[in-house]
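The exercises below are to be worked with the sequence and the three-dimensional model side by side. Each one sets a task and is followed by a solution in steps.

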Amino acid sequence: MDHRKEELEKKRAKLAELRRQREERKRVTMQAHDQPPAASLKANSQDIDDLVDSLVGDRVRSPASPLSTGAPGMSREASGMGRDRSISVATSAGTQLGSPVSRAMTPAGTMASAISGTSLGPRALPEFKTCDFVVFDFPPKEKVVYNKEVQTADGGSMPDASSLLSEEEIERRVRELREADERARAAREEERTRREAEAKARESEIKRLTDEQRASILESSDFVAFVDQKSRVMERALDEDYDFMVDYTLCATHEAEESGGEKMKLALSFHDDKVSRNRSVMDLAWSSRFPELVAAAYNRNPMAPNEPDGIVAVWNTHLRERPEFVFHAPSDVLRVSFSDFNPNIVVGGAYSGQILLWDTRAKAQPVLKTPLTAGGHTHPIYSLKVVGSTNAHQLISASTDGLVCSWQLDMLAQPQEIIELTHPAHLRTDEVSVTCMDFADNETTAFIVGTAEGAAYQVNRYDRAGSKAGLNAFDSYRAHTAPVNSLSFHPPIASDFADLFLTTSSDWTTRLWRARPAAKPASTMPSDIRPLHVFDAFEDYVYDARWSPVHPAVFASADGTGRLALWNLNQDMELPVQWITSGRALNKLAWDRPGRRIAAGGADGVVSVYDVGDLSVPRPEDHALFARTISELGA
């Protein structure tokens, strides 16, 4: 406490001294204003010089000052005048700019006390000058104060025993909090259940459509296409030929019943009144990519003039009630074929002489077709064949106008090649009316055509050694007495039988032929080639005959009585080994690629698929046996 009192006394004394000095400065300033500055300076200039010299000493006389740099011959008066000006400037400058003179006088207050203690008279007013300076405002340093009371408050004191809660009170409060949480959770759960029930009730409500809304939905193209596509998928899935009532304990009995031999039977049939009513099947073709698809070509319906003249229906063996695709044509479709190199392309030949191309990814109308001009066919097209490889293939067409044309499938505006078939021995006209055509295996330049006159001829697409392009009129396969309805080369099972082909005719016969080698020079004299064998066990026109794609000695035939006959030349050369009668004329037939089923198209527009089972499955000795049979026929 004593130390604190001493500090307070010193501060009071310092404040009193400061007040006294301020009063003294005011008094001196008042005296200076009372007398003229110029007279005072002139009267007391010598005393002021002496006083300044005694106070500042050598500080005022710097090396750059006029007092130290004056000329040697300068007079005392000039020196004195220069000193007066230097002192005045130095005093004013020191007062304003903080010169050494100002620093020596101001801190100790000696200048004021010296002037006040002398009788120099009034002081001259300083000369002030203007100068520029920059003021920097620095924030004051934050002062951190530490107070022990903040940490040593009453927080450390222990509570009274009266303020403590009992265990029963604590348990009661905890139980109340738990019960409140449980009630809130139950309320939330109840609210969620109520909202879900309301949402389900809203969903279960049946939205009633007006008649106009219902009609617009049912007639929209998107709805029809959706129902058509999805219903096809459902029908395929449901069409599973599986006997779910089979009793596996009776397998021995079934084997005993079937040991007598498997027979050809009807597996399924395709007919749709919207598509094939009052129409006849003109041609059939299986897809090489999708073995369950078979295309059928139909002629016009004379009872429905507003319907398309020609139709091609693609049937699916897993979709029995309706076709998978339906394509329209402006004329009767006489021939149809899947492209072996593009499974989406279907090619057809029309009665008008047009070639039509459909795409399964497009709509019912043809995506390409040939024009009705003299640049192509002008008569009905009865033969189509796609030949070549994947990268270089062509469509070959033949018509009754005596022309064979070669086309590119992506450009049907005009044919790439045209071969005119003529025969100089014909009486009325030299044109050859082609009714059927086929190529041997791995052959693209030479083929055989069947004609309406009952003969078959070899045709060369290009000039080759010994023969020219066109019809070889000197070598004719002449035996039929009626138009040739179909011609079929042996499939590529073995190279030994690649030159064998079958022909059917309206003379109620089917004939087996061996073709002359295409590279052999043609004879200069007319010659008739005789058949290897004649199958005459028919009672009507024979419209078609096709080799089995897997068995070398088996072929099937279809005739006007509706009989589908299966022939095995290793077993019998005169009669078929199996046959089935449908009661309607069969126009065309086609084997599927595995050789287990035959599709037959009738004059009533029904496409029937027959299962031949193992009848066409070859045995190891069938190849040699058939080779021996053919050699005996050719002897």
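The model is a predicted one, and the exercises start from one helix and what covers it.

**Exercise 1.** Work out which strands are included in what covers the buried residues of H13, and check the length of the helix H13 against the expected span.

*Solution.* What covers the buried residues of H13 includes three strands, namely E19 (500-505), E20 (510-514) and E23 (542-547). The buried residues themselves are Asp622, Phe626, Thr629 and Ile630. Looking down the axis of H13, one finds these buried residues within an arc of 95°, so they line one face of the helix. This can be set beside a general rule: an α-helix has 3.6 residues a turn, so residues three or four places apart point the same way. For the length, helix H13 has 13 residues (622-634), which at 1.5 Å a residue should span 18 Å, and the end C-alpha atoms are indeed 18 Å apart, so the two values agree.

**Exercise 2.** Classify the aromatic pair of Phe501 and Trp513 as stacked, tilted or edge-to-face, and state which strands it ties together.

*Solution.* The count of aromatic pairs comes to 16. In the pair of Phe501 and Trp513, the ring centres are 6.2 Å apart and the planes stand at 10°; because planes under 30 degrees apart count as stacked, this pair is stacked. Phe501 lies in strand E19 and Trp513 in strand E20, so the pair ties together parts that are twelve residues apart in sequence. Phe501 has 0% relative accessibility and therefore counts as buried, and Trp513, at 1%, counts as buried as well.

**Exercise 3.** Describe the geometry of the pair formed by Phe538 and Trp567, and place both residues in the chain.

*Solution.* The rings of Phe538 and Trp567 are 5.7 Å apart, centre to centre, with 40° between the planes, and the pair is tilted. Phe538 lies in the loop between strand E22 (533-535) and E23, while Trp567 lies in strand E25 (residues 563-568), so the pair ties together parts that are 29 residues apart in sequence. Both Phe538 and Trp567 are buried, and both belong to one aromatic cluster, whose members include Phe497, Trp547 and, from the helix of the opening exercise, Phe626.

**Exercise 4.** State how many disulfides the structure holds, and decide whether Cys131 is buried, partly exposed or exposed.

*Solution.* The structure holds zero disulfides. Cys131 has 45% relative accessibility and so counts as partly exposed, whereas Cys405, at 1%, counts as buried.

Note on methods: Residues are numbered from 1 along each chain as its sequence is written. This is a predicted model: local features need pLDDT of at least 70, side-chain atom pairs count only at pLDDT 80 or more; totals for chains, interfaces and linings use all residues. Side-chain values use heavy atoms; hydrogens and water are left out. Helices (H or I, at least four residues) and strands (E, at least two) are DSSP runs, numbered from the N terminus. The expected span of a helix is 1.5 Å times one less than its number of residues. Buried means under 20% relative accessible area, exposed over 50%, partly exposed in between (1.4 Å probe, protein chains only). The arc is that of the directions from the helix axis to the C-beta atoms. Contact means heavy atoms within 4.5 Å. Rings of Phe, Tyr and Trp (its six-membered ring) pair if their centres lie within 6.5 Å; planes under 30 degrees apart count as stacked, over 60 as edge-to-face and the rest as tilted. A disulfide is a pair of cysteine sulfur atoms within 2.5 Å.
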